[in-house]
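Student: I would like a close look at a single part of this protein, followed outward into its surroundings. Could you take me through one helix and then place that helix in the whole?

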Amino acid sequence: MTAQTIAESAMKAISEIVRQESAIVIDEGKDYLVETRLRPLLRRLGLESFDALVDQVKSIGGAEVKRAVVEALTTNETHFFRDEKFYEALREGIFPQLIEDLGSRRELTMWCAACSSGQEPYSVLMLLAEDFPEVFRDWKLRFIVSDLSREMQDRTREGVYAQHEINRGLPAKLLVKYCEREGAHWRMKSELRDKLDVREINLVKPWMGLPHAIDIVFMRNVLIYFDLDTKKEILGRVKRVLAPHGTLFLGAAETTLNIDRSFIRHERQKTGCYRVVE
Ligand SMILES: C[S@@+](CC[C@H](N)C(=O)[O-])C[C@H]1O[C@@H](n2cnc3c(N)ncnc32)[C@H](O)[C@@H]1O
């Protein structure tokens with residue numbers, strides 16, 4: 001089969017579907033990216049063209065194909081301990097403060113809202129286990145981790161990583177302590193895996209079953225894919241699930257500035273973490 005190219009009309013239709021289902025904006029001129037990411041799906045479905053794929057998505061019973069198109073067009077880039085400053089802020093500012101504030105409660109609720117393949121929540125758990133062992137061991141931890149993509153949810157639940165993924169950010173000391181060999185791969189030990197409550201949450205659909213006083217929301221490197229109105233709407237909903245003393249973490253290239261004035265940056269932390277002032 002020759003490499004198919006995407007016609008303008010199919011590109012428009014796919015961009016519209018992806019925007020409706022996930023709010024991800026596919027910029028103009030990204031035809032090559034869309035073709036590359038959707039070609040494996042065309043092959044899997046035995047389709048000859050992107051037009052045929054659009055027809056399938058729009059057909060009665062096309063829901064699963066639609067989901068596969070959206071999932072294929074998510075960007076799942078992540079790695080262990082991504083953005084050193086973020087982990088420094090947790091270790092040196094946010095966790096010590098929370099422990100002081102919540103010490104008698106001995107409960108901590110966190111939500112990682114776009115967890116991709118799980119390296120981010122596992123890094124947070126390893127940091128807790130290393131630097132705040134009492135919280136890790138004895139506190140009641142609720143760590144909800146979610147993604148739109150079912151493939152990413154499964155990967156997070158399984159906690160299995162290839163060597164090249166381990167090489168991206170996981171120090172040897174933590175590898176030997178928290179992972180076990182599984183063939184050519186490494187698997188997070190169950191003491192970490194069992195602490196994650198992995199769910200499907202699409203940020204632009206209703207957030208079902210989330211607690212209403214979350215101490216820390218990690219929503220890193222996902223708002224960048226959305227337009228301004230979607231960012232506003234999502235930040236408005238974050239305010240409603242954050243505890244009054246709660247903290248929101250965004251990615252290094254993301255901000256609430258000029259989007260929602262009720263968030264202010266933590267003064268002492270040199271990274272994208274925010275509190276609500278109202
Ligand atoms: C670049 S990854 C970020 C991973 C991780 N938070 C980090 O910072 O390393 C973005 C993730 O957002 C997810 N995503 C995109 N749109 C979403 C939506 N509407 N709802 C929930 N997750 C979404 C993608 O599936 C992807 O796994």
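Tutor: Let us begin with helix α4, residues 63-72, in which Ala 68, Val 69, Val 70 and Glu 71 are buried; please keep in mind throughout that this is a predicted model. The cover over the buried residues of α4 includes α1 (8-22), α2 (31-45), α3 (50-58) and α8 (150-158).

The domain assignment helps in reading that list, since it divides the protein into domain 1 (8-72) and domain 2 (84-158 + 193-276). Where these two domains touch, five residues come from domain 1 and ten residues from domain 2. On the side of domain 1 that touches domain 2, three residues are nonpolar, one is polar and one is charged. The C-alpha centres of domain 1 and domain 2, for their part, are 30 Å apart.

The ligand belongs to this picture as well: the shell around the ligand draws residues from both domain 1 (8-72) and domain 2 (84-158 + 193-276), and the ligand therefore lies between them. There are 24 residues around the ligand, and those that come nearest are Thr 74, Thr 78, Ala 114, Leu 148 and Asn 221. Sorted by class, the shell holds nine nonpolar, ten polar and five charged residues.

Turning to the interior, the largest nonpolar core has 51 residues, and the members that touch the most others are Ala 113, Val 217, Met 219, Leu 248 and Phe 249. Helix α5, residues 84-102, gives the most to this core, contributing six residues. If we take Leu 248 and set aside its neighbours within four places in sequence, we find this residue in contact with Val 217, Met 219, Val 238, Leu 242, Phe 263, Cys 273 and Tyr 274. Apart from that core lies another, made up of 17 residues, including Met 11, Val 18, Val 34 and Leu 38.

For the whole, the protein has twelve helices and ten strands. Its radius of gyration is 20 Å, close to the 19 Å that the globule rule gives for 278 residues, so the protein is as compact as a globular protein of that length. The C-alpha trace spans about 60 × 50 × 30 Å along its principal axes, and 36% of the 278 residues count as buried. Among contacts with a separation of 6 or more, 75% are between residues 24 or more positions apart.

Definitions and conventions
Residues numbered from 1 in each chain as written. Predicted model: local features only at pLDDT ≥ 70, side-chain atom pairs only at ≥ 80, totals over all residues. Near = placed C-beta within 6 Å. Nonpolar A, V, L, I, M, F, W, Y, C, P; charged D, E, K, R; others polar. Domains from an automatic or database assignment. Contact = placed C-beta atoms within 7 Å. Buried ≥ 20, exposed ≤ 12 C-beta atoms within 10 Å, placed from the backbone. Helix = DSSP H or I, 4+ residues; strand = E, 2+ residues; numbered from the N terminus. Core = buried A, V, L, I, M, F, W, Y, C linked by C-beta atoms within 7 Å. Rg over C-alpha atoms; globule rule 2.2 N^0.38 Å.
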